[in-house]
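Please look at the sequence and the 3D structure below. The report that follows goes through the aromatic pairs, the nonpolar cores, the disulfide and a few single residues.

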Amino acid sequence: MAKAVMMLPVLLSFLLLPFSSMALTQDFCVADLTCSDTPAGYPCKASVGAGDFAYHGLAAAGNTSNLIKAAVTPAFVGQFPGVNGLGISAARLDIAVGGVVPLHTHPAASELLFVTQGTVAAGFITSSSNTVYTRTLYAGDIMVFPQGLLHYQYNAGQSAAVALVAFSGPNPGLQITDYALFANNLPSAIVEKVTFLDDAQVKKLKSVLGGSG
């Protein structure tokens, strides 16, 4: 009896092997966007066609007529269901002259930026020592931004800049630091306390970014 109990984990492992093998050898899982997203991704769509594996949404320039003079056009799982479960996604970045993508993070993916047009100054800050790594990128250059680290890009040239971006996850997430601090109803007194900014500065930034409190 004792020997049988000892063998039970081994038997269970063999019973589970066919299921794990099926998971590993499944070719793809196109997202069924009619269902809810989960930590493991979307459920698989039952009927799949060639169109699920191609996306034309990055062909057109994004609208840079905004405060930061920049636009990110995503090809995440919500726009491109074919990337579901594959650990990848993409985006197009357009930055007008004088434009900037402020300090931000992608909590769920690393980023690889490929400049196709113009000049982009970019950098990131490490989490352990606050070391800053910066680079000026030209057409044909690439730069990697590790997952979760604060980073930025801005147009450092005299013409529009364009870049294609690859992410190591189907839904990388985005949090822009300025908007997180000044574009919501976090009371000004708290913002002043945690940023060492004075009341006038905080009120000005809240006014610019649409915050309150």
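Phe-167 has a relative accessibility of 7%, so it counts as buried, the cut-off being under 20%. This value, like the others in this report, was computed from a predicted model.

**Aromatic pairs**

The count of aromatic pairs comes to six. In one of them, the ring centres of Phe-76 and Phe-167 are 5.6 Å apart; the planes stand at 80°, so this pair is edge-to-face. Phe-167 belongs to strand 9, while Phe-76 sits in the loop between strand 1 and strand 2. The two residues are 91 residues apart, and their pair links distant parts of the chain. Phe-76 is buried too, with a relative accessible area of 17%.

What is the arrangement of the rings of Phe-28 and Phe-53? Their centres lie 5.0 Å apart and their planes meet at 70°, so the pair is edge-to-face. Both Phe-28 and Phe-53 are in the loop between helix 1 and strand 1, and the pair ties together parts that are 25 residues apart in sequence. Phe-28 is partly exposed, at 37% relative accessibility. Phe-53 is partly exposed as well, at 39%.

Ring pairs also join Phe-124, Tyr-133 and Phe-145 into a cluster.

**Nonpolar cores**

The largest nonpolar core has 21 residues, and the members that touch the most others are Leu-93 and Leu-113. Two or more residues each come from strand 2 (89-95), strand 4 (111-117), strand 5 (119-125), strand 7 (142-145) and strand 9 (161-167). Strand 9 contributes the most, namely four residues.

Which residues does Leu-113 touch, leaving out those up to four places away in sequence? Among them are Leu-93, Val-120, Leu-137, Ile-142, Met-143 and Phe-145. Further along the chain, the contacts of Leu-113 include Ala-163, Leu-164 and Val-165. Leu-113 also touches Asp-141 and Gln-153.

A separate core of seven residues lies apart from the largest one; Ala-31, Leu-58, Ala-75 and Phe-80 are among its members.

**The disulfide**

A disulfide is a covalent bond between the sulfur atoms of two cysteines. The count of disulfides in this model comes to one. Cys-29 and Cys-44 form it, with their sulfur atoms 2.0 Å apart. The UniProt record lists a disulfide from Cys-29 to Cys-44, and it is formed in these coordinates. Both cysteines lie in the loop between helix 1 (2-25) and strand 1 (70-75), 15 residues apart. The angle about the S-S bond is -115°, and the link of Cys-29 and Cys-44 is left-handed.

Are the two cysteines of this link buried or exposed? Cys-29 counts as buried, at 14% relative accessibility, whereas Cys-44 is partly exposed, with a relative accessible area of 40%. Another cysteine, Cys-35, is partly exposed at 32% relative accessibility.

**Thr-126**

Thr-126 is found in the loop between strand 5 and strand 6 (132-138). Thr-126 has a relative accessible area of 15%, so it is buried. A polar atom of the Thr-126 side chain lies 3.2 Å from the backbone nitrogen of Asn-130. Not counting residues up to four places away in sequence, Thr-126 touches Thr-131, Tyr-133 and Leu-149.

**Two residues with positive phi**

Most residues other than glycine have a negative phi. The table lists two residues with a positive value.

| Residue | Phi | Place | Relative accessible area |
|---|---|---|---|
| Lys-69 | about 55° | loop between helix 1 and strand 1 | 39%, partly exposed |
| Phe-196 | near 65° | loop between helix 3 (188-195) and helix 4 (199-209) | 76%, exposed |

Neither Lys-69 nor Phe-196 is a glycine. Phe-196 counts as exposed because its relative accessible area is 76% and the cut-off is over 50%. Lys-69, at 39%, falls in the partly exposed class.

How values were computed:
Residues numbered from 1 in each chain as written. Heavy atoms only, no water. Disulfide = S-S within 2.5 Å. UniProt positions renumbered as here; feature names shortened; annotations may be inferred. Buried < 20%, exposed > 50% of the residue type's maximum accessible area, 1.4 Å probe, protein only. Core = buried A, V, L, I, M, F, W, Y, C linked by side-chain atoms within 4.5 Å. Contact = heavy atoms within 4.5 Å. Phe/Tyr/Trp six-rings, centres within 6.5 Å; stacked < 30°, edge-to-face > 60°. Polar contact = N/O pair within 3.5 Å; in protein donor to acceptor, adjacent residues only side chain to side chain.
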